[in-house]
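This briefing goes through one protein model, topic by topic. The sequence and the structure come first, and the notes follow.

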Amino acid sequence: MRQELMSLPKTLAEDVARNLVMVARLIDEDPEQAYAYSRIALRLASRVAAVREAAGFAAYATQKYAEALAEFRAARRMTGSVELWPVMADCERGLGRPERALAMAGEPEVQKLDKAGQVEMRLVAAGARRDMDQLDAAIVTLQSPELASNSVQPWTARLRYAYADALLAVGREDEAREWFAKALESDKDGTTDASDRLAELDGVEFVDAFEEGEENEVVEADDAEEIVSGKDEAAAAGAADDAADADGDVGAADAGAVEDADGVDGERPGQAGR
């Protein structure tokens, strides 16, 4: 990429480079913002292959598959490289054309891919099979020397995870559990949610401790309110008894004490509700 940018005037090259850096930095955490930066870079240097490729990945991350495919095709024409072939096929899936993705999986370009690219192409092809409800064929597609290997490579966790998920889709739960465990074992960077899938299969439910604590606080507050209300009632009753003992004439005084007690109790439920 640096060599491509060197062909641009210095100031322009610096502007393009800054935007491409922001695309790379934001594409995972804020795809929409990354896409916005990619559009700026594209306006500045649309004839640079690295810019077209970055724009393609930013569009892909925001599920703008037609736009992504157009950018990837442009980058491929400029470089002659086949490394974008798997993601181009996945764009076809995103556009609802899994049969095209499968056709691409059988093209000679796949043989020119490196090992990582071939594994990626296998994942895309299996996904296309599943899109077409060919679940058993998806399982067969994923069965490969790379899947059987004990060697852990950058793609190992995703390949094992996809195989486990395909097995689960046809009801082979025991085998799926085994492969989710293998995916977790090889997933050093946490790129999959294999641990959550294993927990689901084992019937483990996760409880949000913070929310549970909040609920307990509400219950305790209600209990405290009832205690205070009870004390108010007892105090009111005691006041009425004292008035009766003091002067034996409880007519107006006793009625007033009862009204005061009822007034206190009547306010408590409203306070608890707030």
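Ala105 belongs to helix α7. The model that holds Ala105 is predicted, and Ala105 is partly exposed in it, with a relative accessible area of 26%. The notes below start from this residue and then move to the whole protein, its cores, its pockets and a few local features.

**Ala105 and its surroundings**

- Not counting residues up to four places away in sequence, Ala105 touches Val110, Met121 and Ala125.
- Ala105 and Arg122 are 17 residues apart along the chain, and their C-alpha atoms are separated by 7.5 Å.
- Ala105 is also one of the residues that line the second largest pocket, as are Val110, Met121, Arg122 and Ala125.

**Overall make-up**

- The protein has 15 helices and 0 strands.
- Of its 274 residues, 34% are buried.
- Among contacts with a separation of 6 or more, 51% are between residues 24 or more positions apart.
- The exposed area of the protein is about 16,300 Å², of which carbon and sulfur atoms supply 49%.

**Nonpolar cores**

- The largest nonpolar core holds 37 residues, and those touching the most other members are Leu8, Val16, Val48, Val51, Phe72 and Met121.
- At least two residues of this core come from each of α2 (10-26), α3 (31-44), α4, α5 (65-79), α6, α7 (98-105) and α8.
- The helix that gives the most to this core is α4, with 6 residues.
- Val16 is in contact with Leu5, Leu8, Leu44, Ala45 and Val51, leaving aside its neighbours within four places in sequence.
- There is a second, separate core of 21 residues, with Val119, Ala126, Tyr161 and Ala194 among them.

**Helix α6**

- Because 8 of its 10 residues are buried, α6 is largely enclosed by the rest of the structure.
- The buried residues of α6 are Trp85, Pro86, Val87, Met88, Ala89, Asp90, Cys91 and Glu92.
- The cover over these buried residues includes α4, α5, α7 and α8.
- Gly96, just after α6, takes a positive phi of about 80°.

**Largest pocket**

- The volume of the largest pocket is about 600 Å³.
- It is lined by 23 residues, and Tyr60, Glu120, Leu123, Val124 and Arg158 are the closest to its centre.
- Helices α4 (49-61), α6 (85-94), α8 (115-131) and α11 (156-169) each supply at least two lining residues.
- The largest share of this lining, 6 residues, comes from α8.
- By class, the lining has 12 nonpolar, 4 polar and 7 charged residues.

**Second largest pocket**

- The second largest pocket has a volume of about 200 Å³.
- Its lining consists of Ala105, Val110, Gln111, Gln118, Val119, Met121, Arg122, Ala125, Thr141 and Glu146.
- Here too α8 provides the largest share of the lining, with 5 residues.
- The lining residues divide into 5 nonpolar, 3 polar and 2 charged.
- Two of the lining residues named above recur in the cores: Met121 is listed in the largest nonpolar core, and Val119 is listed in the second, separate core.

**Trp179**

- Trp179 sits in helix α12 (residues 173-186).
- Its relative accessible area is 13%, so Trp179 counts as buried.
- Leaving aside neighbours within four places in sequence, Trp179 is in contact with Leu147, Arg160, Tyr163, Ala164 and Leu167.
- The C-alpha atoms of Trp179 and Leu168, which are 11 residues apart along the chain, are separated by 10.0 Å.

**Positive phi outside glycine**

- Most residues other than glycine have a negative phi.
- Gln63, which is not a glycine, has a positive phi of about 65°.
- Gln63 lies in the loop between α4 and α5, and at 59% relative accessibility Gln63 counts as exposed.
- Asp133, also a residue other than glycine, has a positive phi near 65°.
- Asp133 lies in the loop between α8 and α9 (135-142), and its relative accessibility of 64% makes Asp133 exposed.

Methods: Residues numbered from 1 in each chain as written. Predicted model: local features only at pLDDT ≥ 70, side-chain atom pairs only at ≥ 80, totals over all residues. Heavy atoms only, no water. 1 Å grid on protein atoms, 1.4 Å probe; cavity = no way out; pocket = protein on both sides within 12 Å on 5 of 7 lines; lining within 4 Å. Points joined across faces, edges and corners; volume = space filled by probe spheres on them. Helix = DSSP H or I, 4+ residues; strand = E, 2+ residues; numbered from the N terminus. Nonpolar A, V, L, I, M, F, W, Y, C, P; charged D, E, K, R; others polar. Buried < 20%, exposed > 50% of the residue type's maximum accessible area, 1.4 Å probe, protein only. Contact = heavy atoms within 4.5 Å. Areas by Shrake-Rupley, 256 points an atom, 1.4 Å probe, with all protein chains shown as cover. Core = buried A, V, L, I, M, F, W, Y, C linked by side-chain atoms within 4.5 Å.
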